[in-house]
Amino acid sequence: MVYLSSTLSKLLKRRFGKGPETCNVIFKGDRYYVYMRNFITPAEEVLIKQKKVELAMDFRSAIIDAVTEEYLPEVSKVLGISFDSFFHDWNYDRNTGILLLDNSQSDHEENIDNSFESNLFTLIESVRSSYYKKPASLKVVKFTQNICAIESKEVLLPLERIVYEKGNVELLLHQAWEIKKGYWRNKELFECLFNRMIEDMFIMWDYKKNRNYLVFIFNKLYTMK
């Protein structure tokens, strides 16, 4: 994992002129997560100060897509898994980001307590109901002391699918930010449920396959129940 983390850092530095300060790899099943800190480049800093976050996101997305296309074969070779899709999300206000490599054929699901899972899905539904349609299914695909990732399928309304197919991704990007803000506003409720302090939160959207991944990153502290 150290080799793969180092390889990614070098690729990012070569393309951006600056790599992230840290790249923490989390791997289990058929999904590969990389949590990054302090990634913002000087060019992005200028755009953010000028309140042009959309341009910063477009710039980063284009470069990350190129980097990941180059990185995928190396990860697949080292781990012996054929990753066929990838997603990423960035919190410019926290200077953190996440990259997810996925095998679309994966059916891995975490075996967790039924009562906890039910409470988690109920809380997600409570938050989600104000922002996007009810998913056809929810599945916890990763759950450790460091991370929890939930996959939701069939999350788009017909109008949102049309917006995506017409290439108006900027509108969907703004919607995604509002949805993530909604989850941040309910951070304490999730911390109480997990009995973990939440360090970071991401939502990665797969508009083509009509799904998303909600990811919580935990720090080492427990909450007081």
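A salt bridge here is a side-chain nitrogen of Lys or Arg within 4 Å of a carboxyl oxygen of Asp or Glu. In this predicted model, Arg-94 and Asp-200 fit that description, with their closest N and O atoms 3.2 Å apart. Arg-94 sits in the loop between strand 3 and strand 4 (96-102), while Asp-200 belongs to strand 7 (residues 198-206), so the pair ties together parts that are 106 residues apart in sequence. The two ends are set up quite unlike each other in terms of exposure: Arg-94 is partly exposed, at a relative accessible area of 36%, whereas Asp-200 is buried, at 0%.

That pair is part of a longer list, as a search of the whole structure turns up 15 salt bridges. Another of them joins the side chains of Lys-180 and Asp-89, at 2.7 Å from N to O. Here the link runs between helix 6 (residues 169-185), which holds Lys-180, and strand 3 (residues 85-91), which holds Asp-89, so parts that are 91 residues apart in sequence are tied together. Lys-180 comes out as buried, because its relative accessible area of 8% falls under the 20% cut-off. Asp-89 is buried too, with a relative accessible area of 7%.

Next comes a pair from two strands. The side chains of Lys-139 and Glu-151 meet in a salt bridge at 3.9 Å, N to O. Lys-139 is in strand 5 (residues 137-143) and Glu-151 in strand 6 (residues 147-153), so this bridge connects parts that are 12 residues apart in sequence. Both Lys-139 and Glu-151 are buried. The pair doesn't stand alone, either: through salt bridges that share partners, Arg-31, Asp-102, Lys-139, Glu-151, Asp-206 and Arg-211 are joined into one network.

Turning to helix packing, the axes of helix 1 (residues 2-16) and helix 3 (residues 53-79) come within 10 Å and cross at roughly 150°. An angle over 145 degrees counts as roughly antiparallel, and helix 1 and helix 3 are therefore roughly antiparallel to each other. The crossing of these two helices is right-handed. On the helix 1 side, the residues in contact include Tyr-3, Leu-4, Leu-8, Leu-11, Leu-12 and Phe-16; among their counterparts in helix 3 are Phe-59, Ile-63, Ile-64, Val-67, Tyr-71 and Val-75. Sorted by class, the contact of helix 1 with helix 3 has 15 nonpolar, 2 polar and 5 charged residues. Arg-14 and Arg-15 of helix 1 are also in the contact, as are Arg-60, Glu-70 and Glu-74 of helix 3.

Definitions and conventions. Residues numbered from 1 in each chain as written. Predicted model: local features only at pLDDT ≥ 70, side-chain atom pairs only at ≥ 80, totals over all residues. Heavy atoms only, no water. Axes fitted to C-alpha atoms, helices over the stretch in contact; angles between N-to-C directions. Helix = DSSP H or I, 4+ residues; strand = E, 2+ residues; numbered from the N terminus. Parallel < 35°, antiparallel > 145°, perpendicular 65-115°, else oblique. Left-handed = near helix turned anticlockwise from the far one by under 90°. Contact = heavy atoms within 4.5 Å. Nonpolar A, V, L, I, M, F, W, Y, C, P; charged D, E, K, R; others polar. Buried < 20%, exposed > 50% of the residue type's maximum accessible area, 1.4 Å probe, protein only.
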